Amino acid sequence: MKKIAIATTALVVVLIVWFVLFARFSASEQTLFPGGTYQVYAVSDANVGGFSTVELSNEDSVISARVNIRSGMAYPYAGVGINLLSVNNRPANGFFDFSDYDSLVIEVETGRMRRIGVKILNDDPVYSKKNVYQSYRPMVAQASVQIRGKSSIAAISMLDFKVPEWWLAMQGLDEDDGLRYMNRGMLFEICNGEGTMLGIPDDITIRSIRLWGENRTFKALMYVGLVVAVLVYVGVFSLVVRNSKSRVAKRQKQQDDLKTQMEKAAKILKETDKSIAEVAIAVGEKGSAAFEKNFTRVYGVKPLDYRKKGEK
């Protein structure tokens with residue numbers, strides 16, 4: 001069973017490698033901040049006729065925004081934005097792909113506000129116009145800021161992002177068309193959340209922004225590879241067992257044939273005075289030496305000794 005032992009060892013090695021690779025690459029992670037690879041900018045509704053203001057301070061490990069939300073437009077906002085198409089980290093396909101991720105976690109501290117608003121601006125092939133901020137398709141979500149250990153965390157599922165009604169109305173759409181274009185991300189923004197008090201300054205301090213997601217294609221390929229490895233092992237195991245049984249059966253048949261052959265030889269030795277060479281030829285052996293060896297194996301004595309015992 002040496003081959004089975006080798007195949008089993010190989011399978012164990014494959015499984016160890018499989019689990020290591022699966023643990024390492026089955027989930028994808030992306031850090032938007034910190035890292036210094038994306039351009040950070042101030043966000044406010046002043047771009048669309050509002051009066052909210054933001055004082056932005058951007059350091060290597062923290063972004064601080066002093067926001068003051070003022071009336072003057074239907075949806076006042078202010079906060080921090082990240083340019084996902086920054087020149088020094090521009091995606092190969094021209095857009096940032098959020099569809100690869102399932103959730104995001106923002107390590108953020110706020111003053112009075114207990115919720116933050118998160119907005120992803122995507123390039124809509126139909127409605128978006130180059131460099132026209134209002135035309136980008138916004139996907140928005142609200143997240144509560146919760147204390148976890150020594151940090152304040154806002155966690156959001158990517159499924160929570162929805163197209164706001166005001167944008168749909170702006171484009172002349174009566175209802176949500178169900179499109180998201182999360183694979184065409186351009187800008188990522190964190191602003192004041194629901195319940196922010198108008199005219200009273202508040203703070204948003206961001207320490208990290210991270211995305212997580214299942215690497216579904218990789219996991220599918222890994223599962224296929226695992227099935228193939230197991231099937232190969234089962235195939236090798238079955239083949240070795242089948243060959244082993246075949247060899248045992250063949251060996252048993254050879255022993256049975258040899259026994260029948262030597263029984264015939266024993267009868268000739270008892271009933272005739274033929275020479276050993278003649279007996280060997282009579283039972284189909286190639287020569288006296290081979291005959292004597294096989295006869296001794298079956299009866300435990302040489303042919304002449306067997307004849308002498310029979311004569312006594």
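This dialogue walks through the overall form, the ring pairs and one strand residue of a predicted model.

Biologist: Which secondary structure elements does the protein chain have, and how many of each?

Modeller: The predicted protein chain holds six helices and 12 strands. Its radius of gyration is 41 Å, well over the 20 Å that the globule rule gives for 312 residues, so the chain is more spread out than a compact globule. The C-alpha trace can also be described along its principal axes, where the span is about 130 × 45 × 30 Å.

Biologist: What share of the residues counts as buried in the protein chain?

Modeller: Of the 312 residues, 38% count as buried. The exposed area comes to about 18300 Å², and carbon and sulfur atoms supply 55% of that area. As for contacts, if one takes those between residues at least 6 apart in sequence, 72% join residues at least 24 apart.

Biologist: How many positive and negative side chains are there, and how far apart do the centres of the two sets lie?

Modeller: There are 41 positive and 33 negative side chains, with 15 Å between the centres of the two sets.

Biologist: How should I read the aromatic pairs, and how many are there?

Modeller: Rings pair if their centres lie within 6.5 Å, and the angle between their planes then sets the class, with over 60 degrees counting as edge-to-face. The count here comes to 11 aromatic pairs. In one of them, the ring centres of Phe96 and Phe98 are 4.7 Å apart and the planes stand at 50 degrees, so this pair is tilted; both Phe96 and Phe98 are buried. In another, Phe295 and Tyr306 have ring centres 5.3 Å apart and planes at 75 degrees, so that pair is edge-to-face. Because Phe295 lies in helix 5 (residues 288-299) and Tyr306 in helix 6 (residues 303-311), the pair ties together parts that are 11 residues apart in sequence. Phe295 and Tyr306 are both buried.

Biologist: Which residues do ring pairs link into a cluster?

Modeller: The cluster consists of Tyr38, Phe96, Phe98, Tyr101 and Phe188, linked by ring pairs.

Biologist: Turning to a single residue, where is Val40 found, and is Val40 buried or exposed?

Modeller: Val40 is found in strand 2 (residues 39-44). The cut-off for buried is under 20% relative accessible area, and Val40, at 17% relative accessibility, therefore counts as buried.

Biologist: Which residues does Val40 touch, leaving aside those up to four places away in sequence?

Modeller: On that basis Val40 touches Leu56, Asn58, Ile63, Val80, Gly81 and Ile82. For Ile63, the separation from Val40 is 23 residues in sequence and 8.6 Å in space, C-alpha to C-alpha.

Terms used:
Residues are numbered from 1 along each chain as its sequence is written. This is a predicted model: local features need pLDDT of at least 70, side-chain atom pairs count only at pLDDT 80 or more; totals for chains, interfaces and linings use all residues. Side-chain values use heavy atoms; hydrogens and water are left out. Helices (H or I, at least four residues) and strands (E, at least two) are DSSP runs, numbered from the N terminus. The radius of gyration is taken over C-alpha atoms; the globule rule is 2.2 Å times the number of residues to the power 0.38. Buried means under 20% relative accessible area, exposed over 50%, partly exposed in between (1.4 Å probe, protein chains only). Contact means heavy atoms within 4.5 Å. Accessible areas come from the Shrake-Rupley method with a 1.4 Å probe; for residues, only the protein chains shown count as cover. Lys and Arg count as positive and Asp and Glu as negative; His and the chain ends are not counted. The place of a charge is taken as NZ of Lys, CZ of Arg, CG of Asp or CD of Glu. Rings of Phe, Tyr and Trp (its six-membered ring) pair if their centres lie within 6.5 Å; planes under 30 degrees apart count as stacked, over 60 as edge-to-face and the rest as tilted.
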